[in-house]
Amino acid sequence: MKLLKHISILLIVLSTSLVSAQVTFEAKLSKKKLGINERLRIDFEMNKDGDNFNPPDFAGFNVVGGPNQAVSTSWMNGKRTYKKTYSYFLSPKKRGSFTLKQATIEIDGNVYKTTPQTVVVTSAVDRPNDDNNPDAIAANSIHLVAEVSKNKPYLNEAITVVYKLYVAPNTGVRNWREIDNPRFNDFWSQNIDIKNLKVQNGTYKGEDYRYVVLRKTVLYPQKTGKLEIEPLSLDITVEVPTNRRDIFGARLMTQAHRTVSAGSRTIDVKPLPMEGKPTDFTGAVGDFEFNVITSKSELNASESLQATVEVKGKGNLRLFQTPKLNLPSSLEVYEPEHSENVVTNLGGMQGSISDSYTIVPQYKGKYPIPTISFSYFDLKTETYKRISSGEIIINVLEGPTNTTASDNNIANVNSGKQPVVVSDQQFAFIKTDANFQSVNPNHFFKTTGFWTSLLLPLLAIPLAIVVRKKKQVRDADVLGNKTRKADKLAKRYLGEAKKALGNKEAFYVALEKALHNYLKAKLQIETSEMSKDRIETLLLEREVDKEVVMEFDEILENCELARYTPITNVEMQQDYSKAAKTISAIDKQIK
């Protein structure tokens, strides 16, 4: 019996050791049912390191964070436990049931797969107002608002949509990306460039907030009735305070993801009134001036002049046509050249549009350009207005007499277009460059260029020998070369940080990134493995002085603390110089 008991204990121990030696690769969900306004975390865990990790396609979700890597190793009773995790944060696109397919990884030459996971997405759920929940804090601290200048505009009247992102004073925004852009159907639209985002103080629902203007758009409705302005949606990484504090007593921050939307807006577009509407009205809405200008009033036959029909002012300048110019049939008229000098700002389009006609009279006489008029709808008085140009007389002084028809016949420029005939004899220019050739030819032999070409290679030989010797001396200077290489490497990694000097947050983010990238390049480790102890161990193993390693750790700690403490430009410059000096020292010493 005792023998059987010992054998059973031995079998249990062997089976336990075999189970512990097995490779596991699992997918774990933070929840299997969530609202469309919630986030899902999925962890892919393995008990042995592997290569070629491939996540599923996450159909039905947007990846808003990750992959984040975490590695942990522990020893218990002489046994080593290892765990590596790839984490993703997902935001559902719509309601329904979704299956997250298998992820794969290669471990010791074998491919392992996770089990597919099913997730159910429901309608939006109410979140508890938990002051310690980062997602709840972010939901109450970030708001995207679309401000529309006018809800009941006329057809072709300019309105503006300004998108503002409001942020509570105790939170911050790390970055954002647009996940749904409005298309502005049934509107003529133009975005106004915003070169620099300016943080301003304001109020949201009676409370103090900071805000930035993310986008400005000018819209001209092209249809009447109720038109929808589609929402703008952003995915935002929010920094929210925690209950933990640093050594200076300031709250430490953590990150949360938040999807915000400005919401759709409905605009009720009024039609232009029918009462008093001119028959030649082409859709101009705004406040305009109208002119017809000729480049000259007297000329000879076969000479040309320019007649310009111009509309200038403020309104929908690009959305209507200028009136056509009617001229006597005895004047030769060419296709008009259209030009626009229009700028768009929050007030709408401003500037001028014009059609320029080239006119060539064929006969002597006086030719009238009849009065033409331009009508538009004035938004200030909400009435139609008409502007007339007045009659212009063109006096042709010299030329043949027209005996075929009366000069008073009027023809539309669209039916009287003439092709431009180019003649080689119309214009003759005086030649200013003469192509004279010397009677006596010049020979290259025995010239200055000949002797220079002959002697220059001979003079270059001693110079090449001197340069080569200097290069050999420089190559032999191993310590000097290593120093120059280290300085160059430090400048390359710290270039972005130097550009951000004066901007505290951007500078320390760039500085920390430069230090991490340098370590990744020199030590061949990933960002997830960069713990303080790990960095110290690797640098000391590579024969870097302990004082230099401590300086490097101190710079990394400064990068963490500086985001939450006041820092002057002088201190930033000192940290930059110290980082450059430390990187250079490590690169000289590392084996």
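A salt bridge is a side-chain nitrogen of Lys or Arg within 4 Å of a carboxyl oxygen of Asp or Glu. The exercises below concern a predicted model, in which local features need pLDDT of at least 70 and side-chain atom pairs count only at pLDDT 80 or more, while totals for chains, interfaces and linings use all residues. Residues are numbered from 1 along each chain as its sequence is written, and side-chain values use heavy atoms, with hydrogens and water left out.

**Exercise 1. Determine which residue forms a salt bridge with Lys380, and state where the two partners lie.**

Step 1. The partner of Lys380 is Asp287, and the closest N and O atoms of this salt bridge are 3.8 Å apart.

Step 2. Lys380 is found in the loop between strand E29 (373–378) and strand E30 (383–388), whereas Asp287 belongs to strand E21 (residues 286–294), so the pair ties together parts that are 93 residues apart in sequence. Helices (H or I, at least four residues) and strands (E, at least two) are DSSP runs, numbered from the N terminus.

Step 3. For accessibility, buried means under 20% relative accessible area, exposed over 50%, and partly exposed in between (1.4 Å probe, protein chains only). Lys380, at 70%, is exposed, and Asp287, at 35%, is partly exposed.

**Exercise 2. State how many salt bridges the structure holds, and describe those of Lys31 and Lys150.**

Step 1. The total is 17 salt bridges.

Step 2. Lys31 meets Glu38 through their side chains at 3.5 Å, N to O. Lys31 is partly exposed at 29% relative accessibility, and Glu38 is buried at 16%.

Step 3. Lys150 is joined to Glu157 in a salt bridge of 3.0 Å, N to O. The relative accessible area of Lys150 is 34%, which is partly exposed; that of Glu157 is 8%, which is buried.

**Exercise 3. Describe the surroundings of Lys164 and decide whether this residue is buried or exposed.**

Step 1. Lys164 is part of strand E12 (residues 159–167).

Step 2. With 14% relative accessibility, Lys164 is buried.

Step 3. Contact means heavy atoms within 4.5 Å. Leaving aside residues up to four places away in sequence, Lys164 touches His143, Leu144, Val145, Glu147, Tyr211, Val212 and Val213.

Step 4. The side chains of Lys164 and Glu147 also make a polar contact at 3.2 Å. A polar contact is a pair of N or O atoms within 3.5 Å; within protein, one must be able to donate a hydrogen and the other to accept it, and residues adjacent in sequence count only if both atoms are side-chain atoms.

**Exercise 4. Give the order of the strands in the open sheet that contains E31, and identify its edge strands.**

Step 1. Two strands pair if DSSP finds at least two bridges between them.

Step 2. The open sheet has three strands in the order E22-E31-E28, with mixed pairing.

Step 3. Strand E22 (298–299) and strand E28 (365–369) are the edge strands, as each pairs on one side only.

Step 4. E22 and strand E31 (residues 392–396) run parallel and are joined by two bridges. Leu299 has Val396 in E31 as its bridge partner.

**Exercise 5. Locate Asn52 and Ser302, and give the phi of each.**

Step 1. Most residues other than glycine have a negative phi.

Step 2. Asn52, in strand E4 (residues 51–54), has a positive phi near 55°. Asn52 is exposed at 52%.

Step 3. Ser302, in the loop between E22 and strand E23 (305–315), has a positive phi of about 75°. Ser302 is exposed, with a relative accessible area of 58%.
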